[in-house]
Amino acid sequence: MNPHWNGQFSCFDLVARNDEQFRTLIRIRDIVIGDGHFVVMAGPCAVESELQLMRTAEAVASAGARILRGGAFKPRSSPYSFQGLGLEGLKLLAKARAATGLAIVTEVMSPEDAPQVAEYADIMQVGTRSMQNYALLEALGRCPRPVLLKRGMTCRLEELLESAQVIALNGNPEIILCERGIRTFEIATRNTLDIAAVPVLKAVSHLPVIVDPSHAAGLQALVPVLARAAVAVEADGLLVEVHPCPEKALSDGIQSLTFDQFRSMMQDLQPYLALRAKHPEPLPELVYAGGSA
Ligand code: PEP
Ligand code: MN
């Protein structure tokens, strides 16, 4: 998909926007993702213990999050890092949902795990390292749960949409796209947040698009400002890491917000959300301009 995108998208036609009006809405009980509201998903990188998860769930719910995130199966780059609590983690997530009313998003790493994760999760997360795991995408196509598809850290937007197409082609049209930063030559941040991905994806696809500022920034201090950028570009929501004691987190503590930081970030976003509700930005028209970039 070059910048002069010419509207030819047979490789992802099921998820491509062709009718100006039609947009996919994801409904989980009374939560709607993709209808113009901003839905915040927050919680720890990994489920570590009942106390950690329950405290976080209560804190993020009272600050306005609607969905609790937390990995039970963790794909870690190092085999020596914490790999997650597995089934026990899923059970704790279900307990937190029962206690707070939050919906649950959690990662699924393999096609074999999909039925078990689907028993507990409201949304199935595909991590950056799995975006092109076609067996997993096919299994999620047959799964009766919406899928949160994170962009591969070295993948192009066209490839992200091709992966979404695999899920849709196998029977599941309920897909949320997530920009979580990509690998570039810049190392001042953990990844480079490709903020333009949001308007581009929303212009060429009818799927909702959210932003994960935590994995993009890799640093607590940058998360709120990237979240603000997500609001400004009309993202449909956020996926944010929050931990009761980030310095003791078993994974991704450096980029996890404390409860206070999360609460202030949510308050800080309110005027920007009000402004965007008043003056929604029209989607850019990406039309073929001829020639090369
Ligand atoms: C996560 O959400 O904790 C995670 C592992 O994200 P990503 O797949 O984007 O690295
Ligand atoms: Mn993480």
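1. Let's start with Cys11. In this predicted model, its closest cysteine sulfur is the one in Cys155, and the gap between the two sulfurs is 14 Å, too far for a bond. A disulfide here needs the two sulfur atoms within 2.5 Å, so the pair doesn't qualify. As for its surroundings, Cys11 is partly exposed, with 30% relative accessibility.

2. Is Cys178 buried or exposed? Cys178 is buried, at a relative accessible area of 0%. Its sulfur has no bonding partner either: the closest cysteine sulfur belongs to Cys45 and is 13 Å away, too far for a bond.

3. How many disulfides does that leave? By the distance rule, the count is zero. If you were hoping for a covalent bond between the sulfur atoms of two cysteines, that is what a disulfide would be.

4. Now for ligand 1, where Cys45 turns up again as one of the surrounding residues. The others in the shell are Arg69, Lys74, Glu107, Gln125, Gly127, Thr128, Arg129, Lys150, Arg180, His215 and Glu241. Sorted by class, the shell comes out as seven charged residues, four polar ones and one nonpolar.

5. Which atoms of Arg69 and Thr128 come up against the ligand? With Arg69, a polar side-chain atom lies 2.8 Å from an oxygen atom of ligand 1. With Thr128, the backbone does the job: one of its N or O atoms is 2.8 Å from a ligand 1 oxygen. Arg129 uses its side chain, with an N or O atom 3.2 Å from an oxygen atom of ligand 1.

6. How much of ligand 1 does the protein cover? On its own, ligand 1 has 300 Å² of accessible area, and the protein covers 97% of that. If you want to find the spot on screen, look for the second largest pocket, which is where ligand 1 sits.

Technical notes
Residues are numbered from 1 along each chain as its sequence is written. Chains are lettered from A and ligands numbered from 1 in the order in which they are written. This is a predicted model: local features need pLDDT of at least 70, side-chain atom pairs count only at pLDDT 80 or more; totals for chains, interfaces and linings use all residues. Side-chain values use heavy atoms; hydrogens and water are left out. Buried means under 20% relative accessible area, exposed over 50%, partly exposed in between (1.4 Å probe, protein chains only). A residue is near a molecule or strand if one of its heavy atoms lies within 4 Å of it. A polar contact is a pair of N or O atoms within 3.5 Å; within protein, one must be able to donate a hydrogen and the other to accept it, and residues adjacent in sequence count only if both atoms are side-chain atoms. Accessible areas come from the Shrake-Rupley method with a 1.4 Å probe; for residues, only the protein chains shown count as cover. On a 1 Å grid over the protein atoms alone, a cavity is a set of points where a 1.4 Å probe fits but cannot get out, and a pocket is an open set with protein on both sides within 12 Å along at least five of seven lines; lining residues have an atom within 4 Å of a point. A molecule sits in a cavity or pocket if more than half of its atoms lie within 2 Å of its grid points. Ala, Val, Leu, Ile, Met, Phe, Trp, Tyr, Cys and Pro count as nonpolar, Asp, Glu, Lys and Arg as charged, and the others, Gly among them, as polar.
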